[in-house]
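User: Please take a close look at how side chains of opposite charge pair up here, and set those pairs in their place in the fold.

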Amino acid sequence: RVFRSIGASVVRFPSKVQRVQFSARQVTKEMSGVEVTGFVVFQIHRSDDGPFKAYKYLGLGEPAANPASHIANMAESIVRAAVANSSLADVITNRSALRDAIREQMGQIVKGWGVWLDTVEVTDVKISSSQLFQALQTPFREEQRLKSETVMTDTRRQVDEQKIATDLSLAELRTEVQAKKKIKQ
């Protein structure tokens, strides 16, 4: 229960941990389109004046207030800027750097809003062009095919060598047996 004086307002807002997903499409330095998806886990900062800041900056007193949409929009904006300034290889292979950049930039901004970021995760990075995706996979696929062909060729050669050695030893054995038969006769 809360007793309020005249002119004071009471606001209820969730203090539990909230999760919001984001998705951002952007081109890299090489003008290759990618889509980055992920999620942000956050909560209203409980210490100091965190709840008051959240009320003030996120409009938590209003019925239509949705702090998750503010957080999602911020994450999308930061991802777009990070992807635009990165190479395609960096975006695909170095998700931790992308995640850390989002967390650092967002953490500074939302701290002033009375929000505490628990975690930021990048769940998927998709290349928009299927042709580009296949072209990027070609060197790896061809290398694996070459290794496979090499192993198969080496295996065939070893089998053939063993077969020739076996045939040779059988021929020598037959020759010895025939020679012994001639001597006994």
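Analyst: I begin with Glu-161 and Arg-157, whose side chains meet in a salt bridge with N and O 3.0 Å apart, the term standing for a Lys or Arg side-chain nitrogen within 4 Å of an Asp or Glu carboxyl oxygen. This is a predicted model, in which local features need pLDDT of at least 70 and side-chain atom pairs count only at pLDDT 80 or more, while totals for chains, interfaces and linings use all residues. Residues are numbered from 1 along each chain as its sequence is written, and side-chain values rest on heavy atoms, with hydrogens and water left out.

Glu-161 and Arg-157 both belong to helix 5, where they sit four residues apart, about one turn of the helix (helices are DSSP runs of H or I with at least four residues, strands are runs of E with at least two, and both are numbered from the N terminus). Glu-161 has a relative accessibility of 44% and so counts as partly exposed, the class between buried, under 20%, and exposed, over 50%, with a 1.4 Å probe and protein chains only. Arg-157 is likewise partly exposed, at 42%.

A second pair, Glu-143 and Lys-147, forms a salt bridge in which the closest N and O atoms are 3.5 Å apart. Because these two are four residues apart in helix 5, about one helical turn separates Glu-143 from Lys-147. Glu-143, at 42% relative accessibility, counts as partly exposed, and Lys-147, at 46%, also counts as partly exposed. Helix 5 itself spans residues 130-184 and also holds Val-177, which at 39% relative accessibility is partly exposed too.

These pairs are among the seven salt bridges that the structure holds. Another of them joins the side chains of Glu-35 and Arg-25, with 3.7 Å from N to O. Glu-35 lies in strand 2 and Arg-25 in strand 1, so this pair ties together parts that are 10 residues apart in sequence. The two partners fall into opposite classes: Glu-35 counts as buried at 19% relative accessibility, whereas Arg-25 counts as exposed at 59%.

The strands that carry Glu-35 and Arg-25 need a closer description. Strand 1 and strand 2 pair in the antiparallel sense over 10 bridges, pairing being taken as at least two DSSP bridges between two strands. Five residues lie between the strands in this hairpin, and Met-31 takes a positive phi near 65° there. The loop between strand 1 and strand 2 is also the place of Thr-28, a residue that is buried, with a relative accessible area of 2%. Leaving aside neighbours within four places in sequence, Thr-28 is in contact (heavy atoms within 4.5 Å) with residues including Val-34, Val-83, Leu-88 and Val-91.

Along the hairpin, Ser-23 has Thr-37 of strand 2 as its bridge partner, and Thr-37 also stands opposite Asp-124 in strand 3. Strand 2, residues 33-44, is joined to strand 3 by 11 bridges, and the two run antiparallel. The result is an open sheet of three strands in the order 1-2-3 with antiparallel pairing. Strand 1 (18-27) and strand 3 (115-127) stand at its edges, each with a single partner strand, so one side of each is left without a neighbour in the sheet.

Helix 4, residues 95-111, lies across strand 1, strand 2 and strand 3. Arg-99, Asp-100 and Glu-121 are linked in a network of salt bridges.

To set these pairs in the whole chain, the protein has five helices and three strands, and from the N terminus on its elements run β-β-α-α-α-α-β-α. Among contacts with a separation of 6 or more, residues 24 or more positions apart account for 71%. Of the 185 residues in the chain, 25% are buried, and Glu-35, at 19% relative accessibility, is one of those that count as buried.

Definitions and conventions:
Axes are lines fitted to C-alpha atoms, for helices over the stretch in contact, and angles run from 0 to 180 degrees between N-to-C directions.
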